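Q: Please take me through how a few descriptive terms are justified for this model.

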Amino acid sequence: MKTKFLKRALCTTLACATVAGLGVGLTACQPSDSETVRIVVGVQQTTGNNYNSMCNLLDALKDELNFEYTTTLVDRNADAALSTYQNQLLGGAQGIITMVDVDAATTRKIIEDCEANNAYYAGYMTDFANTFANTDSAQAENVEYILNSDAMLGAVTDGDIVRDGGTRGEFLFDAVVKTDARVVTLCRAPLYAYPVAATAIDRFKELVEEYNAANEDDFTIVESVGAADDGALEVGFSMQNVPDATVQDWKAKGVEAVIAVNSLGKKILTNVQTSAPEIGIYQIGWDDNIISAFPQYIKTLCQTPAETIIYPLIRVLNAVRGNSYADEPADVEDTLISGQYIYITSEEELEKARTSCMNFAEGNPVSASLISVEEIKSLLAGEEGASFKKLVDTISSWTSENVLK
Amino acid sequence: MSNENSQNKKFDLKELPGKAMHKIKTFNWKEWAKDNIFTLVAMGGFVLLLIVFSFLPQVMRGPNVTFWRAAVLQRYIEQVTVYLILALGACFVYLMGSMDISVGYQVAVFATIFIAIVNAIGTAGAIPLALIVIVVLGLVCAVFNAFVGAYVKLPTVMSSVILMQLFSGLTTYLYGDSGYSARAIVVSLNILNETWVRVIVLVALIAIAYYLTNYTVVGKRAKAIGSNKLAAQQAGADLLKTRVLCYGIFALFLCVASVFAIARKDSFGEADSVSYQMDIMIMLLMGGMPLSGGYKGRVLNTVVGTLTYVVLNLGLSLCGVSAEYVFFVRALIFVIIVCLTCRKPGLLLPR
Amino acid sequence: MDDKGLIFKASHMHKVFGPTVALKDVDFELHRGEIRGLIGENGSGKSTIMSIASGMQPATSGEMLYKGKPWAPKTMLEAQNGGIAMILQESNTIHGVTVAENLYAGREKEFAKFGFINMRKMYRAADEVLKKFGITAFKGSTKINSLSFETRKLIEIIRAMEKDPDILVVDETTTALSFDGREILYGIIKKMAADNKAVVFISHDLDEIMDKCTHVTVLRDGEIIDTLEKKDFEKKKISSLMVGRDIGDTYYREDFVPSSGEEVGLEFKNVTWGPIKDFSLTVHKGEIVGIGGLSDCGMHFIGQIGFGARKVSSGVVLRNGKRVKSPSAAIGLGIGYVSKNRDTEALVLEGPIRENILLPSLSRLSKFSFINPKTEDEIVADEIKRYSIKAHSPKTYVSKLSGGNKQKVSFAKWTAARCEVIIMDCPTRGVDVAVKQAMYKIIDNMKKEGKAILLISEEMTELIGMSDRLLVMKDFKVAHEFTRSPDLKETDIIEYML
C-alpha cells in the first residue's frame with residue numbers, strides 16, 4: 001500500500017514538474033509581432049562563460065534590434081542536427097546561427113530547407129572554410145551548392161585560424177621565451193580537424209631555430225614517446241587525459257614546458273599537476289575549469305570574445321529584412337571570416353580582460369562588453385556609415401593589443 | 001443437476017462444475033484492456049501529445065505555426081522513417097527479452113561501407129551489390145549475437161556490448177585517418193526521400209513485422225522465449241535457431257534503415273547514429289514495450305513509441321521550447337512512463 | 001469473547017478479482033487445538049481465505065478478528081510477526097545463498113555485531129534448528145541451490161516455524177515435499193495442535209485431509225458448504241460436497257488387467273546420464289508405464305532424458321527407430337512432456353492460454369513459416385472444450401488460472417500437438433479431486449487411443465490405479481517392477497522405495 005502511494009505521489013510530482021517545466025520553457029518565448037526576427041542558435045553546450053556571455057548580449061540586444069532567439073542543443077550528430085533545424089524552421093525560425101559545422105551534404109540539406117522557408121544560415125565560431133576545403137570529392141557538388149546559395153550568410157571562426165596560423169606559434173614562443181624554461185615538448189590535436197596546428201608548430205620551430213642561432217641558452221625540443229612525424233604528440237578527441245606515463249616520461253627527460261598548440265590544457269593539466277608540477281603548460285584556449293590553474297600550471301589562456309556573435313546576428317537581421325550593404329560581398333567565400341583570439345599570459349592581463357571583454361568578466365555582464373548596443377545598432381545595413389568592411393573590421397579590431405590596453 | 005442415467009453415462013469433462021467457457025470468445029475488451037494497460041497508457045499519451053500540439057504552437061508562437069500542415073507532417077514522416085524501421089527490427093530482439101546496444105554503431109558501419117561501395121563503382125547499378133554486402137555483414141553479426149547468447153552463457157546484452165566496441169572501433173578506423181567526419185554518396189537515392197515512398201515502405205514494414213510476430217513460428221517462439229525461456233524450450237523452441245532468426249530479421253531492418261539514413265542527407269557521418277540504441281530503448285519503453293519481452297510486447301508498442309518520441313521533439317520545437325528545457329521535459333515524461341509501467345512490487349516475502 | 005478457544009474469525013468476507021468472485025460473504029472460525037482442513041476444487045476460494053488472513057492480499061470487504069482483536073495485515077511479514085504464517089504452494093526460497101541465510105532472512109541483525117553478520121553463529125543456530133526437526137541430510141552452511149525443490153520446501157516450513165506461529169497455514173505443500181519431508185510436516189502439525197495452537201491445512205488430497213485433520217471445511221465456488229468433524233468424515237460425502245454432486249466410484253482405471261499394444265512407442269536403450277547408468281525401458285503403444293520412488297531417486301531425470309531435455313552420455317532413446325536428441329526433435333517425433341514444475345517449465349504463465357496450447361504445435365502447423373490463425377483457433381477451441389478449461393477467453397493469461405486449469409493447459413499442449421508418446425511427471429500435483437478424476441479419465445482415454453504413456457509420480461495410489469507396468473526406482477536404479485493387479489498395495493511399493 002505504501003509503495004503504491006509513493007509511486008502515485010512520485011508520478012503526480014513529476015507530472016506537475018513537467019507542466020511547470022513546459023511553462024517555464026514556454027514563457028521564454030512569447031508570441032510577438034511579425035516585425036520581430038526569429039533566430040535559432042544551435043549550441044553544443046548550454047553552460048560556460050561563452051554561452052552565458054552570448055545569451056546576455058543577445059538579451060540586451062533583442063529589444064533594440066527587434067529579434068527573438070532560442071538556443072537549441074546540437075552536437076556532432078548530423079542526423080539529429082538536421083532534424084533539429086528542420087523543426088526550428090517549421091516553428092518559424094527565420095535565421096539559424098550554428099555553432100556546429102556538420103558535413104557539406106547535411107549543410108546543403110539544411111540550406112535547402114532554409115531556402116524553402118525563406119530563412120538564412122550563418123556560422124558562429126565554426127570553420128566552414130576548413131570543412132569545405134577538407135571534404136572528399138563526393139562532397140564537391142554540395143560545397144559548390146552551399147557557396148552559391150543566397151541562404152548562406154557566412155561564418156566567423158573562433159580565432160585567427162584562417163588568416164594566420166603562425167600567430168599561435170609566435171604567441172606560444174613569446175610566452176615561453178620570457179621564462180627560463182628551455183627544454184620543451186610539443187602537443188597538438190589531430191591535423192585533419194585543426195590544420196592550423198601544423199602552421200603553428202612550424203612557426204614555433206622556426207622561432208626556436210632563430211633563437212638558438214642568436215643566443216647561448218639553446219632551446220631543446222624533446223619528442224614524446226609515440227610522437228607524430230612532426231615531432232608533436234597527437235592528443236586525440238577520445239583521450240580524456242594525457243596519460244600519467246607520458247607526463248612521467250616528460251619529467252624523466254627534463255621537460256620544463258609543454259607547448260600545446262590547441263586547447264589541450266585541460267587534458268594535460270590533471271597529471272602534470274599531480275606528477276610534475278614544475279612543468280609549465282603553454283596552450284591555446286580557455287575553459288572555466290582551468291582558470292584556477294592559471295598562472296601556476298597553465299601559463300597561457302586565450303579565447304575569442306563572445307561579442308563576435310554580432311557578425312552572424314547582423315548578417316541574419318540584414319538578410320531577413322532585405323537590407324544589404326553597398327559593399328556586400330558577391331562571393332559567399334568572402335563572408336567566411338576570421339575572429340580574433342585574446343591572448344593572456346599574466347594575471348595583470350587577465351585582470352584587464354575581465355573589465356573589457358564579456359567572457360572573461362565575472363558573471364559575464366553586458367557592462368563588460370567590447371562594444372555597446374548603440375555601436376552594434378550602427379553596424380546594421382541601412383544605418384549611416386554601415387558597411388560590410390566596417391563590420392569585419394570591428395570583429396578584427398578585437399585583438400589582444402586592443403582589448404588588453 | 002439430474003441424476004438420471006448417471007449410472008451408465010460416460011464421464012464427461014463438461015459436467016465439471018463451475019463456469020466453463022461454453023462459447024469460445026476470441027476477444028474480450030475488458031480483459032484485453034487490463035492485459036494491455038501499458039500499451040493503452042502509451043497510446044493515450046500519444047493522443048494527448050497530438051491534442052496538446054494541435055493548439056499549443058499557435059498559442060505560443062503565433063497563428064502561422066500550426067502542427068497540422070503538410071510541411072510539418074512531411075518532416076514528421078521523414079524523422080520517423082529511420083527510427084521506426086530500426087525499432088521494428090529491434091522489436092524482435094526485445095520480444096525475446098534481449099537487448100541490443102550496438103544498433104547505432106552497426107548502422108554507422110553499414111552506411112559507410114554502403115557509401116564506399118557505391119562511390120567506388122559510381123553508378124546506381126552498385127546499389128544492389130552494396131546492399132548485399134551489408135546484409136551479409138548484418139547477418140554475420142546476427143549469428144554472432146545469437147551464438148554468444150545461446151552458448152557463452154552471457155546475457156545477450158553482452159554480445160551487443162562486444163559488437164558495439166567492435167563497430168565503434170571500426171567506425172574510428174573507417175573515418176579516423178581520412179580527416180572527414182562524414183562521407184557523401186555520389187549516386188542519388190532521392191527517390192527514397194519522397195514522402196509517399198517512405199509511407200509505403202513504413203506501412204509495408206509494419207505489416208511485415210506484424211505478420212512475423214503474430215503469424216509465424218519465429219514470432220510466436222520469440223515471445224514465448226521472452227516470457228519463459230524454459231517452457232519455450234520444452235515446447236520445442238530451439239533457442240539458438242530462434243535467436244539467429246530474430247537477430248537476422250533485426251539485421252535486415254537495420255540495413256534498410258541504413259540506406260534510408262544515407263538517403264536523407266546524401267551522406268553519413270561517424271557520429272550520426274551514435275544515439276540510436278538509446279533512442280530506440282526509450283522509444284520502445286515509451287510505447288509500453290516490456291523490457292522483459294514476451295507476449296505483452298507487440299509491434300503496436302514499437303509504432304506508438306516511435307511516433308510519440310518523434311512528435312515530442314517536433315512539437316516542443318514548434319512551441320519554441322529552448323535547449324535546456326527540451327531535455328528536461330523529455331526526461332520527465334520518460335520517468336513518468338517508467339513509473340507508470342514498472343511492475344508493482346508484490347506483497348510476497350522476498351523471493 | 002465467550003468462546004475461549006476461538007483464535008481467528010472472519011466475517012462477511014468478500015473477495016473479487018475483476019469479474020471473478022473468489023469469496024462470497026464467507027464466515028469462518030478457527031479454534032485452538034484444531035487441525036482444520038480446507039478442501040474444495042480449484043477456484044473454490046480455499047486458498048483465498050487464508051491468503052487474506054496471512055497478508056498476501058487484502059479482502060474486498062469483510063472483517064477479521066485474530067485473538068479477539070481486529071486483524072488486517074498489509075504484508076506477509078506483518079502477519080508472520082503477528083503469528084500467522086503461511087507456507088505457499090509455490091517455491092519461496094532465496095536462490096544462491098545458504099540454508100541458514102534463508103532460514104534467517106530478514107533477521108540477520110540477530111547475528112550481527114558492528115554491522116557484520118557472524119555467519120558462523122548463524123550456521124550454528126541453523127544447524128541446531130535443523131536437528132530439532134530431525135534433519136541431518138544437510139547443514140546451515142549448505143548452499144540452497146544444491147538442494148532439490150522438495151528439500152527447499154522443507155526449509156520454508158522450518159522458516160515459518162522458527163517464528164513460533166499461533167496459526168500455521170499449509171497451502172498445497174505436501175505434494176511438493178518428499179516422503180521424509182511429509183513426515184516432518186505431519187509431526188509439526190500434530191505438535192501445533194497439541195500445543196493448543198491451530199493449523200489450517202489446504203489440500204486437494206482427500207485421503208491426506210481425512211487422515212490428518214480434526215475438522216474439515218468444504219468450499220465450493222467461493223462459499224463454505226459445510227464443516228465436518230472427524231467423526232463425520234466420509235470420503236464419498238466430502239467429495240460430493242466438494243463437487244456438488246455424486247462423483248461415483250470410478251476414479252482410476254476400472255480394469256485391472258495389464259494391457260498394451262505390440263508396437264514400441266518409446267525405447268530407452270542402455271541410457272547413461274549422470275548418476276543414471278545403463279537404464280533400459282520400453283514403453284509400448286497403448287501402455288501406461290508408471291515410475292515411482294522417492295523424489296530424489298532419479299525418476300524425474302528419466303522423464304527429461306526421454307524427452308531429449310538431457311543429453312545422454314551413452315546409449316540412446318529411440319522413437320520409431322529415430323534418436324531423440326532434443327526437445328524439438330522429440331516433439332517432431334510425437335513425444336510430449338508434462339513437466340512436474342508446472343509454473344516454471346510446463347507453462348508460459350505470462351502468456352495467453354491460446355499461445356500456450358499452440359506452442360509445441362507451431363512447427364507442425366506452419367506452412368512456409370505461416371500459421372493460419374483459423375486453424376489455430378479451431379485447435380484451441382477443441383482443446384478448451386476437451387478439457388473444459390475455465391477462463392473468459394482463449395486470450396486469458398495462464399497466470400490468471402487456478403492450479404487445475406493451468407494443469408489442463410499443460411496437458412492440452414500435447415494433445416493439440418497430436419503426440420503419440422506422452423511423458424508425464426507428477427501430472428496431478430496440486431490438482432483437486434474432480435480434476436484429478438478427469439485427468440485420469442484423459443490418461444485412460446489416451447491409452448485407449450493407443451498412445452504410449454510414461455507416468456512418473458510420487459503418489460503411489462495414482463501409480464497403482466493407472467499403470468500397466470510399475471517400476472519402482474531407488475538410488476537411480478530400477479529396484480522392482482510390478483505388473484497391474486487388483487492386489488497391489490502401497491505398502492508393497494514403499495518396501496522397494498526405501
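Q: What do the buried residues of H8(B) pack against?
A: The buried residues of H8(B) pack against helix H3 (70-95), helix H7 (195-215), helix H9 (229-234) and helix H10 (239-265) of chain B, and also against helix H12 (353-358) and helix H13 (362-365) of chain C; helices are DSSP runs of H or I of at least four residues, strands are runs of E of at least two, and both are numbered from the N terminus. This is a predicted model, in which local features need pLDDT of at least 70, side-chain atom pairs count only at pLDDT 80 or more, and totals for chains, interfaces and linings use all residues. Residues are numbered from 1 along each chain as its sequence is written, while chains are lettered from A and ligands numbered from 1 in the order in which they are written.

Q: What makes helix H8 (residues 217-227) of chain B mostly covered?
A: A residue is buried if 20 or more other C-beta atoms, placed from the backbone, lie within 10 Å of its own (exposed if 12 or fewer, partly exposed in between), and 11 of the 11 residues of H8(B) are buried, including Lys220(B), Arg221(B) and Lys223(B).

Q: Why are H3(A) and H4(A) called roughly parallel?
A: The axes, lines fitted to C-alpha atoms over the stretch in contact, with angles from 0 to 180 degrees between N-to-C directions, come within 10 Å and cross at roughly 5° for H3(A) and H4(A). Angles under 35 degrees count as roughly parallel, and H3(A) and H4(A) are therefore roughly parallel to each other.

Note on methods: Parallel < 35°, antiparallel > 145°, perpendicular 65-115°, else oblique. Contact = placed C-beta atoms within 7 Å.
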